[in-house]
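Reader: Hey, could you walk me through the salt bridges in this one? I'd like a close look at which side chains pair up and how exposed they are.

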Amino acid sequence: EADGVDAAFEAVRAVLSGATDLDALVVGAAGAEAAPAEARRLADRLAGWLPGCAIGVTSDSVTAHAGALGGRAGTVLAVGTGSVALGVAADGRFHQVDGWGPWLGDDGSGAWIGREALRAVLLSREGRGPATRLADLAEERFGDLLELPRTLAVGGAVARTTATFVPDVLAAAEAGDRVAAQILHRATQAWADLTAGAAAMVGESRVAAVGGLTSVGTLTGKWVASLPAALSVEPASGTALDGALLLARHDDLPHERRVLRTVAVPTREAAAPVQPRHEVDVLATEQVRDDLHDLDTRGAEDLVRLLLDAEETVPAAMAAARRELARAVELAASALAAGGRIVYVGAGTPGRLAALDAAECPPTFGTSPQTVVAVLAGGNEAAARAVEGAEDDADAGARDVTALGLGPRDLVVGISASGRTPYVLAALDAARERGCRTVAVVNNAGSPARAHADLTVELLTGGEVLAGSTRLKAGTAQKIALNVLSTGAMIGNGKTYGAWMVDVMASNEKLRRRARRILREATGVDDDTAVVTLEQAGWRTKTALVAILAGVDVDRAQALLDSRDGRVRDAVAAAAVAPAEAGR
């Protein structure tokens with residue numbers, strides 16, 4: 001995948017957590033078998049980072065096989081979200097069956113089961129298939145089935161999302177649903193076919209199974225019963241991690257020909273003792289892409305293509321962090337609801353992006369300029385130009401946020417591509433000392449920011465077209481994250497009605513036209529009525545909206561809003577309740 005090498009390298013680096021005094025390291029990387037050039041790039045990156053360490057890169061199916069059978073020959077079925085069977089002969093011959101991904105294969109996998117069950121649901125709804133309890137379960141899990149294609153596509157993880165339906169399929173089958181039971185029967189038949197096919201090609205009778213779905217006893221029992229009698233099923237003796245350790249310790253296993261090995265060998269230029277690399281040097285965002293050694297010779301069209309291609313990887317990084325972003329939105333909404341503030345802290349590009357987001361909140365949501373505040377390393381001067389050395393001043397970070405009079409109702413959000421900017425980390429520490437909730441938004445995995453914030457949002461955008469220039473992909477991801485955080489918090493605090501910005505400050509002709517359009521679209525009144533009501537309300541869009549929707553005058557509308565924390569929908573509902581109570 002795009003930036004897959006960078007993501008894999010960063011993941012390994014984060015897991016090792018500084019333990020770099022290693023004799024050997026083996027990585028089982030998804031897709032390594034189908035992308036040997038990228039596997040070589042990953043091996044070279046690791047060797048460069050760990051000089052003198054023996055590096056091995058192989059497929060994750062190989063490490064799973066080695067772990068499941070303790071490094072011996074045989075066939076291993078791996079079935080979770082995807083599915084693959086790998087046969088390894090004692091003489092090193094390999095044969096893999098399936099593992100082609102959810103569009104071309106992965107038969108019997110979690111994604112396959114979920115897909116087949118959802119297809120059965122849709123066929124039933126259309127009158128082309130039998131009735132099934134799965135229809136109700138699908139609506140409970142995924143909502144409106146008319147929106148199913150969109151729901152599954154959210155976050156770009158269709159296979160993983162589809163696989164979440166498997167527990168419902170299992171439950172339906174146990175409850176006697178024939179459609180669900182048939183799907184699971186076909187799945188276990190696929191498992192048997194994959195296993196038998198791989199075993200036959202390598203001539204080995206030993207078989208084991210690994211993966212999340214193999215923990216379901218009813219399924220594995222049916223799989224075993226469907227296998228040829230000549231195959232001998234063993235319980236898995238270890239995990240993929242055990243397999244990686246075996247391959248790190250031994251180079252004489254049957255898997256060896258599928259392990260790409262390398263060691264960073266000192267050259268004449270590097271004959272002197274290896275100079276220690278600063279921790280920043282190994283950050284994913286600092287790495288130079290191997291394919292851009294001639295970047296300075298490229299033409300304009302090629303440069304634009306490269307830059308746009310790089311930016312296309314940002315949505316996937318955002319989707320991977322959506323749960324943490326959702327939690328950050330909840331924290332921000334809670335801060336505003338309690339009368340607190342959202343305080344952004346950043347240095348350089350992150351600080352300037354934060355200042356932009358904070359500046360846009362008053363005109364968009366009608367908030368006070370003190371509701372969302374940006375604190376920049378180097379002060380307001382840094383908003384227009386770089387202030388050298390400001391990001392390294394930890395004392396200033398603590399001092400600048402303390403000057404805001406922070407309290408437990410406030411949320412402080414530190415933004416740092418590296419996740420280790422001294423100014424930002426010190427500001428987060430000072431905020432926590434004053435009882436604030438804290439969030440860190442970073443672009444590298446396992447950064448020091450984790451120890452300084454209650455919640456860390458990792459936007460793993462990887463290497464840049466210009467190595468280390470985090471105003472590019474990293475900056476784009478940061479801007480999106482701030483958009484999501486502030487907008488989500490404002491929506492959660494009644495600053496909108498539907499998708500309309502009803503707290504917009506109609507301070508110029510463009511915004512007055514927008515206010516008129518909002519009233520027309522949200523209520524169905526004509527433009528003359530919208531203008532008259534807005535004028536009566538002093539061009540307070542939200543007040544005018546409640547007046548029209550509730551059928552009250554603008555003073556009553558404002559009173560209703562004040563009694564319902566400024567929420568249009570609640571204010572209109574309260575207006576409907578009041579006459580009914582008066583009648584009783």
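Author: Sure, here are the salt bridges, pair by pair. A bit of housekeeping: this is a predicted model, where local features need pLDDT of at least 70 and side-chain atom pairs count only at pLDDT 80 or more, while totals for chains, interfaces and linings use all residues. Residues are numbered from 1 along each chain as its sequence is written, and side-chain values use heavy atoms, with hydrogens and water left out.

The structure holds 31 salt bridges, each one being a side-chain nitrogen of Lys or Arg within 4 Å of a carboxyl oxygen of Asp or Glu. Take Arg-516 and Asp-527, whose side chains meet at 2.7 Å, N to O. Arg-516 sits in helix 19 (residues 509-523) and Asp-527 in helix 20 (residues 527-536), so this bridge ties together parts that are 11 residues apart in sequence; helices here are DSSP runs of H or I, at least four residues, numbered from the N terminus. Arg-516 is buried, at 18% relative accessible area. Buried means under 20%, exposed over 50%, and partly exposed in between, using a 1.4 Å probe and protein chains only.

Then there's a network: Asp-294, Arg-298, Asp-302, Arg-305 and Asp-309 are joined by salt bridges that share partners.

Two more pairs are worth a look. Arg-115 bridges to Glu-116, with the closest N and O atoms 3.3 Å apart; Arg-115 is partly exposed at 30%, whereas Glu-116 is buried at 14%. For Arg-434 and Glu-433, the closest N and O atoms are 3.6 Å apart. Here Arg-434 is partly exposed at 31%, and Glu-433 is exposed at 64%.

How values were computed
Helices (H or I, at least four residues) and strands (E, at least two) are DSSP runs, numbered from the N terminus.
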